[in-house]
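Subject: Structure handover and what was found in it

Dear colleague,

Please find the structure below, handed over together with its sequence. My notes on what was found in it follow directly after.

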Amino acid sequence: MDIGKSIKDHYKLVEELSELSTVIMQQLNKTSKDLTAEIIEEIGDVQWRLDRVKKYYDANLIQEQVDFKRKKQLIKNENIKKAALEKQTRINRYKNQLPVHKDSYGKV
């Protein structure tokens with residue numbers, strides 16, 4: 001492995017990541033501007049550099065990590081849906097109960 005080439009590829013990836021981060025932050029701070037084209041360009045640059053850097057690492061382990069993250073996100077989404085359903089069920093149960101208000105004499 002050419003260490004010099006590896007280091008250069010890593011530096012270039014970090015540079016592209018920084019540029020992507022910057023343009024995304026600009027978009028978030030300036031919502032009146034449309035920086036979609038710039039963001040797409042930077043994502044492409046990052047993807048290209050990332051593909052170059054990935055060759056230095058075990059592709060199977062990388063895919064294992066991606067699969068783990070996908071599974072984790074699916075579980076999170078399922079839990080969010082379950083929690084929303086439970087909340088709505090509680091709200092509906094509360095709405096079906098008639099509140100009892102008594103005055104100071106005990107009359108309803």
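Is Lys12 buried, exposed or partly exposed? With a relative accessible area of 29%, Lys12 is partly exposed. Please keep in mind throughout that this is a predicted model, and that the values in this message are computed from it.

Overall layout

The protein chain has 108 residues, of which 13% count as buried. Its secondary structure comes to three helices and zero strands, so that, read from the N terminus on, the elements run α-α-α. Among the contacts with a separation of 6 or more, 55% are accounted for by residues 24 or more positions apart. The accessible surface of the protein chain comes to about 9500 Å², and 58% of that surface belongs to carbon and sulfur atoms.

Salt bridges

The structure holds three salt bridges, and I go through them one by one. In one of them, the side chains of Arg52 and Asp9 meet at 3.2 Å, N to O. This pair links distant parts of the chain, since Arg52 belongs to helix α2 (residues 36-54) and Asp9 to helix α1 (residues 3-29), with their positions 43 residues apart in sequence. As for their surroundings, Arg52 counts as partly exposed at 23% relative accessibility, whereas Asp9 is buried, with a relative accessible area of 3%.

Another salt bridge joins Lys12, the residue of the opening question, to Glu15, and the closest N and O atoms of this pair are 3.6 Å apart. Glu15 and Lys12 are three residues apart in helix α1, which means that about one helical turn separates them. Glu15 is partly exposed, with a relative accessible area of 36%.

The remaining pair is Lys54 and Asp51, whose closest N and O atoms are 3.9 Å apart, a value to be read against the cut-off of 4 Å that is used for a salt bridge. Lys54 and Asp51 are likewise separated by about one helical turn, because they are three residues apart in helix α2. Both ends of this pair are partly exposed, Lys54 at 37% relative accessibility and Asp51 with a relative accessible area of 41%.

Buried acidic residues without a salt bridge

Two glutamates deserve a separate paragraph. Glu16, whose place is in helix α1, is buried yet has no salt bridge, and the nearest side chain of opposite charge, that of Arg49, is 4.7 Å away. Because a salt bridge requires the nitrogen and the carboxyl oxygen to lie within 4 Å, the distance of 4.7 Å between Glu16 and Arg49 does not qualify. Leaving aside neighbours within four places in sequence, Glu16 is in contact with Glu42, Asp45, Val46 and Arg49.

Glu42 lies in helix α2 and is also buried without a salt bridge; for Glu42 the nearest side chain of opposite charge is again Arg49, here 9.6 Å away. Not counting residues up to four places away in sequence, Glu42 touches Glu16, Glu19, Leu20 and Val23. In addition, the C-alpha atoms of Glu42 and Ser21, which are 21 residues apart along the chain, are separated by 8.9 Å. Ser21 has its place in helix α1 and is partly exposed, with a relative accessible area of 44%.

Nonpolar core and surface patch

In soluble globular proteins, nonpolar side chains tend to be buried together. In this model, the largest nonpolar core has seven residues, namely Leu13, Leu20, Val23, Leu35, Ile39, Val46 and Val53. The elements that give two or more residues to this core are α1 and α2. Leu13, one of the core residues, touches Val46, Arg49, Leu50 and Val53 when residues up to four places away in sequence are not counted.

There are nonpolar residues on the surface as well, where Ile3, Ile7 and Tyr11 form a patch with about 340 Å² of accessible area together. Ile7 lies in helix α1 and is partly exposed, with a relative accessible area of 43%.

With kind regards

How values were computed. Residues are numbered from 1 along each chain as its sequence is written. This is a predicted model: local features need pLDDT of at least 70, side-chain atom pairs count only at pLDDT 80 or more; totals for chains, interfaces and linings use all residues. Side-chain values use heavy atoms; hydrogens and water are left out. Helices (H or I, at least four residues) and strands (E, at least two) are DSSP runs, numbered from the N terminus. Buried means under 20% relative accessible area, exposed over 50%, partly exposed in between (1.4 Å probe, protein chains only). Patches are made of residues with over 30% relative accessible area and no salt bridge: like charges are joined within 9 Å, nonpolar side chains (Val, Leu, Ile, Met, Phe, Trp, Tyr) within 5 Å. Accessible areas come from the Shrake-Rupley method with a 1.4 Å probe; for residues, only the protein chains shown count as cover. A nonpolar core is a set of buried Ala, Val, Leu, Ile, Met, Phe, Trp, Tyr and Cys residues joined through side-chain atoms within 4.5 Å. Contact means heavy atoms within 4.5 Å. Lys and Arg count as positive and Asp and Glu as negative; His and the chain ends are not counted.
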